[in-house]
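Please read the following note alongside the sequence and the model. It takes up cysteines, nonpolar cores and one pair of helices.

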Amino acid sequence: MSTSKFSILALKPELLSNLETLGYESMTPIQEQSLPHIMKGMDVIGQGKTGSGKTAAFGLGMLEKLDVKRFRIQSLVLCPTRELADQVAKEIRKLARTIHNIKVLTLCGGMPFGPQIGSLEHGAHIIVGTPGRIEEHVIKGTLNLENLNLLVLDEADRMLDMGFQPALDNIVKYSPEDRQTLLFSATFPNKIKYISERIMTKPIMVKVESTHDESTIAQHFYKVSDNEERMQALRLLLLEHQPESSVVFCNTKKDAQLVADKLVSYGFTTLALHGDLEQRDRDQTLIRFSNKSANVLVATDVAARGLDIADLDAVINFHIALDTEVHVHRIGRTGRAGSKGLAFSLFSDKESYKVSLLEDYLDTKIVGEQLPDMNTLSNPVMRPAMITLQIDGGKRDKVRPGDLLGALTGENGIKGDQVGKINVSQNFSYVAVKLAAHKVALKKLESGKIKGRNFRIRAIRG
Ligand code: AMP
């Protein structure tokens, strides 16, 4: 962590005071290196993974530049997935808390078009969205980028991997040429270089070297001979270390579903996250995993991008990633913010080429360690601390987190500290409650009213 205070920057006083209340004491390395350039109006390419504080880096630059009195779209952030767009919009709103009347709008694919047009007619200062949907709005003329002065490409490598190149080019075509452009990417393949040459002006490169941090992430490698042994190795590691929250990465959607199904059959509370699932199921999975209603998430790299969990206890590579930088990005999801993380990777002879690439990259010799002994298979399977209750009412019904907390606690209810994360989406709300308290919680919700109404309520299992 860096030690520079935000106060050395000429940020608006209301932004500085808000950072203080948010507890952002000093800048993270990417903020320290990029913000001075961003604030000067320069184009910046930043190499930063999720967790580096990159959102606040471009978010603060954006809010400093914004003229709230001009109710026009001045900034646009493009993200690869809806989950990431939601997360970015949330962070920008948090940073903008002390600036009145700022309007941040998200526009993502997989959501109905009509309401988005309505929101756009009401106007906004900042748009956050996915390239395909933004492009559609731009072409239809429902989104006017004439007044845009800041364009941000977040996780640009993923957007290109997902085939968004033509959409990005098209959006840029509709944007003013004298805008400022910022690009963030975890990896730097040649295609990032090409796109930055096309759409940026004399960009400054900012690279944070902490993508692989030996001091906080302990990496362990285990050699297996076939898929059966691989599955057994996964069980052994989970049962030995009993991580409360862990992500198992797979290289294909098929593997992700298969491994998740196997783990479920062995009794692990496991969820699968990959692109073959409906958006609604993916949203629900992310909520249930991040509110601690499941211990294990089996995911593909693309689907896991929306995951924002600060305290993953372990990351397990079921297969070695196809690309070295993807490996580093995967394991960077554990051991965040200085806490110790565990990274386990399984490999077979067939993956020896990928292992040798990793050895070059990490500059060490990779030797397979001894797996926990077979007796470990009789260790008890860990149980999640929480269970998620789904309420069939959400923002549409004006339900707010406070209403749910109120409905759960009080007479015949459960205690406040038995309630975990509360997520309210458009049509549904999800509340995590302690497993031991969920029957009382269900009864209390079913017998009372929320916002004067009776909503359908159920505990999500399996
Ligand atoms: P990001 O890399 O943008 O996903 O940010 C990771 C997390 O770090 C987010 O939850 C931010 O709220 C938080 N964060 C960003 N900047 C700082 C800072 N300077 N000090 C403390 N927390 C921060």
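**Note on the structure**

1. The whole structure contains zero disulfides, a disulfide being a pair of cysteine sulfur atoms within 2.5 Å. This is a predicted model, in which local features need pLDDT of at least 70, side-chain atom pairs count only at pLDDT 80 or more, and totals for chains, interfaces and linings use all residues. Residues are numbered from 1 along each chain as its sequence is written, and side-chain values use heavy atoms, with hydrogens and water left out.

2. The sulfur of C79 has its closest cysteine sulfur in C108, at 7.4 Å, which is too far for a bond. C79 is also buried, at 0% relative accessibility (buried means under 20% relative accessible area, with a 1.4 Å probe and protein chains only). C250 is likewise buried, at 0%.

3. The largest nonpolar core (buried Ala, Val, Leu, Ile, Met, Phe, Trp, Tyr and Cys residues joined through side-chain atoms within 4.5 Å) has 37 residues, of which F58, L63, V77, I92 and V128 touch the most other members. Helix 4 gives the largest share of this core, six residues (helices are DSSP runs of H or I, at least four residues, numbered from the N terminus).

4. Beyond its neighbours within four places in sequence, F58 has contacts (heavy atoms within 4.5 Å) that include I38, V88, I92 and F184. A second, separate core has 29 residues, among them L78 and A156.

5. Where do helix 6 and helix 8 meet? P131, G132, I134, E135 and I139 of helix 6 meet P166, A167, L168, N170 and I171 of helix 8.

Technical notes. Buried means under 20% relative accessible area, exposed over 50%, partly exposed in between (1.4 Å probe, protein chains only). Helices (H or I, at least four residues) and strands (E, at least two) are DSSP runs, numbered from the N terminus.
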